[in-house]
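Trainee: Could you pick one part of this structure and take a close look at it with me? I get lost when I try to take in the whole thing at once.

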Amino acid sequence: MDTKLNPARDDLPLMANTSHILVKHYVLDLDVDFDNHIFEGTIVLFCESVNKLKRWSSSSEEPCPVDSCRDLEFGSTTPCHASVTSTRPFSSKVKYNEFTICGEGETDTSEKDGNLNNQEQTSGTKCCFDARSPGSQDFLLVLDCCDLSVLKVEEVDVSAVLGIERFTKSLQLTAGPEELRNHIVHQLVTLSADHWREQLDYYARCSQAPGCGELLFATDSLSLQIRKTGAQTAAGFPHAIRIWYRTTPQGGSVTWTSDQTGSLHRLPLLRLCLSSFAARLALGEPQLQQRGQPVQRQAGHARGSLRWHYYVTIPMPASTFTVAVGSWAEIKPEACSSSDVATERAFPPAEADFRDACVCNHMEYPCRFQDVSATTQDIIPHRVFAPVCFKDVCQKTLLPLISPCLSAAHSILGTHPFSRLDVVIVPANFSSLGMASPHLFFLSQSTLTGGSHLCGTRLCHEIAHSWFGLAIGALDWTEEWLSEGFATHLEDVFWTEAQQLSPLEAQEQCELRACLRWLRLQDEVHNSAEEVQVLRPNKEKTGLVTDSGASLVKHGLNPEKTFMQVHYLKGYFLLQFLAKRFGDATYFSFLRKFVQKFHGQLILSQDFLQMLLENIPEEKRLELSVENILQDWLESSGIPKPLQRELQAGTECRLARQVDAEVAKWIRLNQKRRKRTRKAKEELFEKLLPDQLVLLLERLLEEKTLHPRTLQILQQTYHLPKQDAEVRHRWCELIIKHRFIAAYGQVESFLLGDQAMGIYLYGELMVGEDPRQQQLARKCFELTKEWMDRASAQVVAEMLF
């Protein structure tokens with residue numbers, strides 16, 4: 001590892017000293033300023049140092065209190081935090097596996113005293129210092145963050161909270177005020193799950209306690225560094241701190257946009273150690289659509305503002321914390337009274353409701369897997385929020401799908417990890433088809449058009465993330481296949497179950513989708529650099545961190561990686577390979593056991609693979625080992641060797657063969673049009689499923705020339721402008737390739753209205769060097785660039801200019 005890292009490189013440096021201190025709970029208290037596009041307020045962190053916690057390994061036999069959780073994502077709106085193994089102060093010698101950060105063009109000041117005053121640090125100059133420099137013996141708390149203006153950092157005087165004496169009974173009378181405050185926080189964060197209500201109440205009260213002294217801090221391009229003079233160890237560092245900060249309107253941490261009748265604010269992915277949290281937001285007319293209740297306006301907040309409160313008792317990676325602020329209507333089923341709509345319980349079940357439904361291996365919290373009533377709840381309460389203009393389509397398409405998809409997921413994996421669900425339809429410029437966070441899913445508008453297929457499959461994908469990605473996360477973010485590969489694999493399983501298909505129909509649909517993914521994987525491998533095709537690029541070093549806990553996310557700053565699907569596809573094919581090898585009954589029985597054992601924890605690939613092989617009969621796992629699976633599937637670029645040895649996906653697929661027959665008809669028709677044979681017999685075309693239409697259009701993309709009249713008949717035959725976004729995307733590719741001028745308006749509509757997928761079309765418009773197509777691309781970009789997702793805008797700009 002380099003002794004100095006440049007954030008402009010493709011690898012994302014994570015500087016948080018996660019081997020020294022953990023955040024156990026955090027409280028956000030923010031004001032939303034729609035006029036100035038700013039979030040401003042505080043975050044209070046309740047921390048615990050290593051000597052208060054037991055170390056663990058995710059593959060060990062002891063319960064795991066998640067000490068090793070990592071801050072893994074770039075672009076956080078709250079300061080990201082840390083985790084623990086050693087309480088020693090930083091050494092004055094820089095070891096081979098320790099490093100400092102300097103921004104591009106900045107001067108390394110590591111030889112200077114790091115105790116900068118706050119005036120210097122908040123003057124707008126990026127500061128950079130090395131806490132390991134000679135004479136700097138104070139413990140340094142490092143938080144990963146980006147594009148924040150930090151105003152003040154202070155210690156919180158939790159000892160001033162009324163009734164806090166109950167946490168000080170075991171403390172010796174000789175303890176000083178610093179020791180007293182840290183002791184209170186320790187007692188608070190270690191309360192048992194039976195006292196979660198009381199704990200949450202004290203967290204809220206402590207977060208409002210007064211400050212008892214400002215702390216020194218400095219910022220650079222990717223981190224916030226905090227110290228207290230005289231505190232030389234993590235144990236002696238304040239365990240309750242308050243950070244005053246605001247976001248920047250143009251920063252990468254926050255995206256503001258407007259669309260249809262409302263506005264969206266998205267707090268993009270950030271990752272702390274696993275911790276519970278509470279959030280309070282004050283805003284004007286728009287309301288927070290993350291489960292909460294309005295509370296009275298408090299002093300210091302704008303007149304007429306609403307205060308919304310939200311909390312989570314389950315320790316979660318903060319990459320999963322997402323908030324949507326805007327104007328949406330709750331969409332209810334037609335002719336359905338409010339009393340008929342499923343409603344959430346105001347609180348998780350009472351302590352007496354918990355039974356020994358399963359033995360959990362995670363840190364203690366009120367867990368649904370231990371709640372007998374939750375284990376049998378196949379459909380959790382849910383709501384849908386959308387702009388009013390989408391009311392009808394949500395009622396007809398989305399609402400009828402949620403219950404069967406939730407029930408299907410429960411039938412496969414068992415207990416839903418979360419007790420409720422809100423689904424929010426987000427504006428057209430949202431950068432993906434969906435995103436999952438605890439209790440809240442974002443779905444793109446693009447999923448609502450053209451029938452239920454795309455909406456259902458995407459909903460199933462996000463539901464699968466409740467288990468893989470949320471309840472079970474990747475310890476090392478380079479292993480994102482553990483989230484996306486599983487969700488891609490399970491979306492097919494859930495969707496066929498939700499449709500109540502016969503076993504033969506389910507098999508045929510899954511085979512057809514495997515055929516499509518095989519084509520996409522081949523294309524992805526052919527058109528991407530080899531190094532970004534590897535799912536486990538750090539190999540045997542995956543999950544390892546420096547002595548301080550810092551690490552690198554391989555290719556974490558590469559904007560193109562955001563739009564790659566290789567971790568979805570190769571992960572999917574690995575799981576499909578294992579399911580076929582062991583049989584569905586054996587494989588899904590194991591998967592339920594795996595979820596029971598590892599929910600509430602962060603894992604590495606070998607945790608999954610080792611448990612799988614241990615639970616599979618020996619005769620079914622011949623020639624399989626953790627090592628060769630890692631090497632063949634996760635640590636190599638290109639098509640995995642076992643997949644190469646199998647017949648190409650779709651060879652024996654009836655639905656794919658049916659498409660091949662239809663393609664032959666269109667080729668014959670096109671040849672007749674080229675020869676101007678008017679009296680030729682018209683072809684009769686079969687009705688096709690949405691996935692078959694996608695495959696048909698991909699096959700026709702292989703043709704060198706298609707006559708305009710052929711394309712016109714193709715459009716009319718399948719009503720292509722009214723199909724779902726996946727079909728329309730392939731249709732737009734055909735329009736561009738064959739310069740079907742009469743349909744250029746459909747390409748423009750797709751680029752403006754389906755931005756989650758349209759980015760790929762900009763390259764197609766530019767590569768043919770057709771002036772009219774290039775003008776269309778630039779026109780659409782000019783109309784959307786102001787509100788386009790930043791990573792998307794960067795990639796498109798590189799294509800166009």
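Mentor: Sure, here is a quick look at the whole chain, then one sheet with its helix, and then a few other parts to set beside it.

Keep in mind from the start that this is a predicted model. The protein chain averages a pLDDT of 80, with 78% of its residues at 70 or more. That confidence isn't spread evenly: helix H6 (residues 453-465) has the highest mean, 98, while strand E5 (residues 100-101) has the lowest, 26. Two stretches call for some care as well. Over residues 285-303 the pLDDT stays under 50, and the model gives that stretch 51 contacts beyond four places in sequence. Residues 337-356 also stay under 50, with 36 such contacts.

You're right that there is a lot to take in: 21 helices and 26 strands in the protein chain. Of its 801 residues, 58% count as buried. And if you take the contacts with a separation of 6 or more, 77% of them link residues 24 or more positions apart.

Now for our part. Find the open sheet whose 5 strands come in the order E19-E20-E21-E23-E22, with mixed pairing. At its edges are E19 (329-331) and E22 (434-437); each has a single partner strand, so one side of each has no neighbour in the sheet. On average, neighbouring strands here are turned by 25° against each other, ignoring direction.

Let's zoom in on one pair. E20 (residues 382-386) and E21 (residues 421-426) pair in the parallel sense, over 4 bridges. His382 stands opposite Leu421 in E21. While you trace strands, one general point helps: in a regular strand, side chains alternate between the two faces of the sheet.

What lies across E19, E20, E21 and E23? That's helix H5 (residues 391-413), which runs at about 155° to E20. Pick out Ser403, which is found in H5. Is Ser403 buried or partly exposed? Its relative accessibility is 23%, and buried would need a value under 20%, so Ser403 counts as partly exposed. Leaving out residues up to four places away in sequence, Ser403 touches Ile379 and His382. So you meet His382 again, the residue opposite Leu421. As for Ile379, it is 24 residues from Ser403 in sequence, yet their C-alpha atoms are 6.0 Å apart in space.

Next, set another sheet beside this one. E6-E10-E9 is the order of its 3 strands; this sheet is open too, but its pairing is antiparallel. The edges here are E6 (140-144) and E9 (216-219), each with a single partner strand, so each has one side without a neighbour in the sheet. From one strand to the next, the twist averages 20°. E6 and E10 (residues 223-227) run antiparallel and are joined by 5 bridges, and Leu141 stands opposite Ile226 in E10.

For one more antiparallel example, try E7 (residues 148-156), joined to E11 (residues 240-247) by 7 bridges. Leu148 stands opposite Thr247 in E11. E7 also runs antiparallel to E8 (residues 211-214), with 2 bridges, and there Val156 stands opposite Gly211.

Let's finish with helices. How far apart should the ends of H7 (residues 481-498) be? At 1.5 Å a residue its 18 residues should span 26 Å, and the end C-alpha atoms are 24 Å apart, which agrees. H7 does bend, by about 25° at Leu490. It is mostly covered, with 17 of 18 residues buried. Just after H7, Gln500 takes a positive phi of about 55°. Leu501 is in the loop between H7 and H8 (503-526). With a relative accessibility of 22%, Leu501 counts as partly exposed. Beyond its neighbours within four places, Leu501 contacts Thr496, Ala506 and Gln509.

H15 (residues 690-700) is mostly covered as well, with 9 of its 11 residues buried. Among them are Asp691, Gln692 and Glu698, along with Leu693 and Val694.

Definitions and conventions. Residues numbered from 1 in each chain as written. Heavy atoms only, no water. Expected span 1.5 Å × (residues − 1). Bend = angle between axes of the 7 residues up to and from the residue. Buried < 20%, exposed > 50% of the residue type's maximum accessible area, 1.4 Å probe, protein only. pLDDT = per-residue confidence, 0-100. Contact = heavy atoms within 4.5 Å. Pairing = 2+ DSSP bridges. Axes fitted to C-alpha atoms, helices over the stretch in contact; angles between N-to-C directions.
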